[in-house]
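Subject: Handover of a structure

Dear colleague,

I am passing a structure on to you with this message. Please read the notes beneath it with the structure at hand.

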Amino acid sequence: MDTIHSFTPVWVILTSSVAALLIALLGRWPNLRESCIFVAAVIKLGLLLSLAPGVLDGDLYEFEVMELLPNVSLAFRVDALGLLFALVSVSLWIPTTIFSMGLLRPLKSHAQTRFFFCFAIAISSAVGVAFSANLFTLFLFYEALSLSTYPLVTHHQDDDAIKGGRKYLTYLLGTSVALALPAMIIVYQKTGSLDFANGGVFADGTSTTLLVVLLVMFLFGFAKAGLMPFHTWLPGAMVAPAPVSALLHAVAVVKVGVFSIIRVLTGIFGVDLLANTPSLSTIVCVLAGITLIVASLIALTQDNIKSRLAYSTIGQLSYIILGIGLATKSGIAGATLHIPMHAFGKITLFLCAGAIYQACGAKCISQMHGMGRKIPLTMTAFFIGSLCVIGLPPTGGFVSKWYLLTGSLNSGQQWAFAVFLTSSLLNAAYFLPFVYKAFFSSPSDEAKWESAKEPPLLTVVPALITAMGCVLLFFFSGKLYQFADKFVELYVSK
Amino acid sequence: MTGQLPIIVILGPLLAAILAAFTAWLRPKLSYPLVVLGLAISFTAALKLVFIVADEGAKIYWLGNWGNQNHEFVVGIQITVDNLNTLLLTTVSGIALLTALYAKRLVETELAGRQRYFYALLSLLVTGLLGISITGDIFNLYVFLEIAALSSYALIAYGKGRAYMASFNYLIMGTMGACLYLLGVGFVFIKHGTLNIDNLSGIIPTLDPSQALFVGFVLILLGVWVKMAFFPFHGWLPNAYTHAPTASAAVLAPLATKVAVYAMLRIMFTVYSLDYINGLTGIQPIVLYLSTAAIVMGSFFSLTQTNLKMIACYFIISEIGYMVGGAWLANRPGLTGAMYHLVADAAMTSALFMAIGCIVYRLGQAQLDDLKGVFFKMPVTMAAFVVTMAALIGVPPTCGFFSKWYLIQGAAEAGVWHFVAALLLSSLVKAIILFRIIEIGYNRVAHPAIEGNPAIPRNEAPLSMLIPTVAMTLGLIALGLATNTLVNTIIVNAVPAALTQ
């Protein structure tokens, strides 16, 4: 295990920022503009893959840009968790861009350059969060992500979009400034360090009350993770165009929230502290458990496809938080694996939702009768995506849920086992009727969808690619487990 | 030559002011270049002093080299340059220079035909502000306080409409503040027989705390509070700076209040001492509550305003609360935050008023409702505006983030949680205002790129205004990135030594 001083992490972050600049400059030539994105995405992916063998050997790639405060630097460090998250975000950037082209161009949507520009900046920020070596750097990119995604949420610039955007910023900026920032400053003031370290930064004998207060501030402060009651920004953000909901509100933004919580729990508090202080572990598990069940129940009541998917996302994010809260090896491994698994499943569902809307203008589940026969490709992709989110084989979701369930049995919080199972049943309950209606029920009179036909290739193919990804993840889950294993090795001592 | 630098800092703008007043009579065109030259000389000297003082420590300059300098009670006129004021001198002269460059077009349009003495007054104001920052004598501080105040009354009265009334109101309040200050100085002088800051700082700790010393302290404090518009003495500021000509406001708003904060820091920690402040156990919590109230009220009133200038004025009032609170926390991070914020806030307010000035120059006024589509009309200005607001909110890596960082750290160390809450609240309120402006300026208008919507012609402010605005805005980021250097080489030596050991 070596620590390697390397500039590559910075290059990875910069590629999409440079792409953003080019996008802004090439706004007048759409084809050129979008080829920039693909070139940047491929370079980025290549750079990330070049880091993978080393990281799987246990190496850490580090780069310190500058010291901004005593003992607090703008610094990057690539470990298995960060690399895995970056790989997921960047690899899904490519299908999403294809999808965006397919969706926005026929509509002659306004401000496409702004759209792609902000998108590229958001990707840079997400990767910045993934590679942060300390809480300070993480916070910096976390805020950059909130700000760069605001124009994407309000893309339509109508009243609904403005309202959704307002809620989005109020929740995300409000919680991070009012809770996460002071918590971070208190940690710095008490310990003098914000670096993520095995075993955390707190000295033995730090008062439990303080730890509990800080923990709650962090959990709610990173509201991108959607812990209740700070979750309503996510359904509100569904006013955004489909690609934004797909990549940002199923993968990049929400996972950044969860990722930040993972970093805080493992690197600032430390897994041992969590495991040995029952009150801390219980708080995390209970908050996540409540969110998990309640979000799934609300999802059942939603008729709008995107709203249902949003509540489903809120629930699935809490799987990850609950997995970390268990503070056992397989729980953490399961949580780590759930990041890519849920990402592929949920992005497929969102891309399909966008495609369905484009094909026939349907937004609601009650309109789905017989849709499967009209647009079989899209609905098949939707089916595979929902299997992945429910956690059934042969999709990746099965693997991560397997580890999460094992983790809950090994921990002191065995009730979590029941919570996971109940929620999976609820997941099935809110996805499968949808698929059933589409394939097996006959069209109702008022909604015949006679004109409905498969949407253009540019929108269907990305959904099929990610759906295929869901299945491939199942068969290659061993490779992914190596990442999770390395991360666990680094942060869990026992 | 380097020995003369401290006096050159003030002489530059002072001579420029006198000459500009005369040339305004004979050759009006000459006064502008003269003032710019004077400010440039002053800025260069101040910048050089930062490095000299950081390397060699404090410098004392004896005006005319007269007086009994080595006597226990000094009579000569002393100028002191140390780590606490070099930064402020550079900030004041730098911002004044940049604003003078920026203001030319603005003055030509806003004060058309009446601008004859404007630049002379501007230069005189800067002389006063620099004088407050550099003097080593609490009575001379009063003199410079009045020079700065008198010239600012005139600069504000240049405006139209309610400017006269606002200026008169300011004059009454400002004079009361100056009287309180002078009265306090009187108490201190009667007790100790000297006005020299170095002498006083040597004597006060050796004396038993007396009633006279305490009354003097409180009077001086009240005096500077009125001058800096600290809550609840803030009433004069919003009207004065809103109705003043934009060019006057652009130089007054960032500098005048900040220099008064510096005077408070100097009185608290050099004339009096850290131990004395810590001994005031009855007053310290009250001042901290007042600071919190200043931040909360400033934020609240900024939310209720519909005029961009008015909003910016209430920002100043809440930012004053930051600095007074930071100073009265009287611990290392709190004081570091207050001193750093002195520079950071001057820069942020300057950038904010420059951007508002550009908007006013093109739109004629700055009511929020007039801002529809302003992002399409003036993209560069609005980009600068958004970055400046981000700095005021405290988005990293701008300087506003780091001052907040230190202040919150200091408040957490002292356990003053209401101050932490107020700082965060103020950030959130500024965020609300920024996004309200984005909604109005960007979203509430039919997007010109959509076919069929009317095009919005670009109508950017002239380059002579735009370049200083953008430079100042970029400065906010540069300042943020330089925080560690600034704190570790300069501010660490400005904080009372007892705190840094």
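The notes below describe a chain, a contact between chains and two helix pairs.

This is a predicted model, in which local features need pLDDT of at least 70 and side-chain atom pairs count only at pLDDT 80 or more, while totals for chains, interfaces and linings use all residues. Residues are numbered from 1 along each chain as its sequence is written, and chains are lettered from A and ligands numbered from 1 in the order in which they are written.

Chain A

Chain A contains 19 helices and 3 strands; helices (H or I, at least four residues) and strands (E, at least two) are DSSP runs, numbered from the N terminus. The C-alpha trace of chain A spans about 70 × 50 × 40 Å along its principal axes. Its radius of gyration is 21 Å, which agrees with the value near 23 Å for a compact globule of 494 residues; this radius is taken over C-alpha atoms, and the globule rule is 2.2 Å times the number of residues to the power 0.38. Of the 494 residues in chain A, 61% are buried, meaning that 20 or more other C-beta atoms, placed from the backbone, lie within 10 Å of the residue's own.

Contact between the chains

Chain B brings 22 residues to the contact and chain A brings 23; two residues are in contact if their C-beta atoms, placed from the backbone, lie within 7 Å. On the side of chain B that touches chain A, two or more residues come from each of α17 (399-414), α18 (417-443) and α20 (483-494) of chain B. The most come from α18(B), with 8 residues.

Helix pairs in chain B

Helix α2 (residues 31-56) and helix α3 (residues 83-110) of chain B have axes that come within 8 Å and cross at roughly 155 degrees. Axes are lines fitted to C-alpha atoms, for helices over the stretch in contact, and angles run from 0 to 180 degrees between N-to-C directions. α2(B) and α3(B) are therefore roughly antiparallel, the term for angles over 145 degrees.

Helix α9 (residues 236-243) and helix α13 (residues 308-329) of chain B pack at about 140 degrees, with axes 9 Å apart. α9(B) and α13(B) are therefore oblique to each other, a class for angles that are not under 35, over 145 or 65 to 115 degrees. Among the residues that meet are Tyr241(B) in α9(B) and Tyr314(B) in α13(B).

Yours sincerely

Key:
A residue is buried if 20 or more other C-beta atoms lie within 10 Å of its own, exposed if 12 or fewer, and partly exposed in between; C-beta atoms are placed from the backbone.
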